[in-house]
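Me: Could you take a close look at one salt bridge here, beginning with how covered its partners are? After that, please place it among the other side-chain contacts of the model.

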Amino acid sequence: MTFRELVVAYFQYPAIIAYLLLAAVSIGVFAAYPAPVAPTVVAVAVASLIYPLAWYVLHRWVLHSRWMWKHKLLAPTWKRIHYDHHQDPNHLEVLFGALYTTLPTIALFVIPIGYAIGLPWGQEAAIGAAAAAFATGLLTTAFYEFVHCIQHLAYKPRNKLLAEMKKRHMAHHFHDEDGNFGITSFFWDKLFGTFYDRARGDRPNKSPTVFNLGYTDEVAKQYPYVAQLSGGVATGHPRQRGRD
């Protein structure tokens, strides 16, 4: 796959179009309720800096949790937003997060922060700073998803930094899912002790649950909701399933 083909594929996803359109709307709200330079810059900076931590927390303790599959109401969401993605990391239909989960999460993390930053300058500034923070969160998400696209599609990045990101993320999907939770930054992995390097021998053995996230046949007997939606529990490498 060429870089041009990657970009074309990326912009064909409705989620990406939605992020960009909502970012444009947020910028329009900012234009209608402009905040001074200081709270705007601070709101944008904080929204940008908090995103990697928010992603790490959600990815590690929510998406890789072992409690969502236990609840009938939560199991379909967990299946859609992460189990299916790990079952087949190259399945493009579930590469991007579902809007009904990503948009509320982005809004919850950044809008209150932006509003609080702008409030000392007045109500209008608070609305403007909140809009600037939300636009930043949406654009940051779009950037994350572009990098995520690079990591999962058949594209070999020439840039060393992008190649390194792809190597770490592919290890998360194909070697050991209990680490390398970052997408564009692995600072929080290093801080919390979940960063690893296969080449260095940090984790020599492959995780037996790398493709099912711990949702095994035994678990499915007690909590069958995901299995019922998936038509059973698939095991092994996605490209080797169904072979004799």
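Reply: Lys 79 is a buried residue, because its relative accessible area is 15% and the limit for calling a residue buried is under 20%. The model is a predicted one, and each value below should be read with that in mind. The partner of Lys 79 in the salt bridge is Asp 84, with the closest N and O atoms 2.8 Å apart. Asp 84 also counts as buried, at 16% relative accessibility, so by the same limit of under 20% neither end of this bridge qualifies as partly exposed.

The count of salt bridges comes to six, and two others among them make a useful contrast with the pair just described. Glu 164 and Arg 168 are joined with their closest N and O atoms 2.3 Å apart, and because they are four residues apart in helix H7, about one helical turn separates them. Here the cover is uneven: Glu 164 is partly exposed at a relative accessible area of 30%, whereas Arg 168 is buried at 8%. In the bridge between Arg 200 and Asp 202, the closest N and O atoms are 2.4 Å apart; Arg 200 is exposed, with a relative accessible area of 55%, while Asp 202 is partly exposed at 33%. Beyond single pairs, Glu 164, Lys 167, Arg 168 and Asp 197 are connected into one network by salt bridges that share partners.

A charge can also sit against a ring, and Lys 190 does this by lying over the face of Phe 195, at 5.0 Å from the ring centre.

The ring-to-ring contacts come next, and the structure holds 20 aromatic pairs. One of them joins Tyr 13 to Phe 96 in an edge-to-face arrangement, with 4.5 Å between the centres and 85° between the planes. Because Tyr 13 sits in the loop between helix H1 (3-10) and helix H2 (14-32), and Phe 96 in the loop between helix H4 (75-87) and helix H5 (99-118), this pair ties together parts that are 83 residues apart in sequence. Tyr 13 and Phe 96 are both buried. A further edge-to-face pair is formed by Trp 69 and Trp 78, with 5.3 Å from centre to centre and 75° between the planes; Trp 69 is buried with a relative accessible area of 3%, and Trp 78 is buried at 0%. Tyr 13 and Phe 96 reappear in a cluster that ring pairs build, together with Phe 3, Tyr 10, Phe 11, Phe 146 and Tyr 155.

Phe 96 and Tyr 10 also lead into the nonpolar interior, for the largest nonpolar core has 27 residues, among which Leu 6, Tyr 10, Phe 96 and Cys 149 touch the most other members. Each of H1, H2, H3, H5 and helix H6 (123-152) supplies at least two residues of this core, and the largest share, nine residues, comes from H6. In soluble globular proteins, nonpolar side chains tend to be buried together.

Some nonpolar side chains are nevertheless found at the surface, where Val 57, Trp 61, Phe 187, Leu 191 and Phe 192 make a patch of about 490 Å². Helix H3 (37-63) and helix H8 (187-192) are the elements that give two or more residues to this patch, with H8 providing the largest share, three residues. Phe 192 belongs to helix H8 and counts as partly exposed, at 40% relative accessibility.

Two details of the backbone deserve care. Most residues other than glycine have a negative phi, and most peptide bonds are trans. Asn 180, however, has a positive phi near 50°; Asn 180 is placed in the loop between helix H7 (160-174) and H8 and is buried at a relative accessible area of 0%. Leu 213 likewise has a positive phi, of about 55°, although it is not a glycine, and Leu 213 lies in the loop between H8 and helix H9 (217-222), where it is buried with a relative accessible area of 4%.

A last point concerns the loop between H3 and H4, which holds Arg 66, a partly exposed residue with a relative accessible area of 44%. The C-alpha atoms of Arg 66 and Leu 92 are separated by 24 Å, the two residues being 26 residues apart along the chain.

Definitions and conventions. Residues are numbered from 1 along each chain as its sequence is written. This is a predicted model: local features need pLDDT of at least 70, side-chain atom pairs count only at pLDDT 80 or more; totals for chains, interfaces and linings use all residues. Side-chain values use heavy atoms; hydrogens and water are left out. Rings of Phe, Tyr and Trp (its six-membered ring) pair if their centres lie within 6.5 Å; planes under 30 degrees apart count as stacked, over 60 as edge-to-face and the rest as tilted. Buried means under 20% relative accessible area, exposed over 50%, partly exposed in between (1.4 Å probe, protein chains only). A charge sits over a ring if NZ of Lys or CZ of Arg is within 6 Å of the ring centre and within 35 degrees of the ring normal. Patches are made of residues with over 30% relative accessible area and no salt bridge: like charges are joined within 9 Å, nonpolar side chains (Val, Leu, Ile, Met, Phe, Trp, Tyr) within 5 Å. Accessible areas come from the Shrake-Rupley method with a 1.4 Å probe; for residues, only the protein chains shown count as cover. A salt bridge is a side-chain nitrogen of Lys or Arg within 4 Å of a carboxyl oxygen of Asp or Glu. A nonpolar core is a set of buried Ala, Val, Leu, Ile, Met, Phe, Trp, Tyr and Cys residues joined through side-chain atoms within 4.5 Å.
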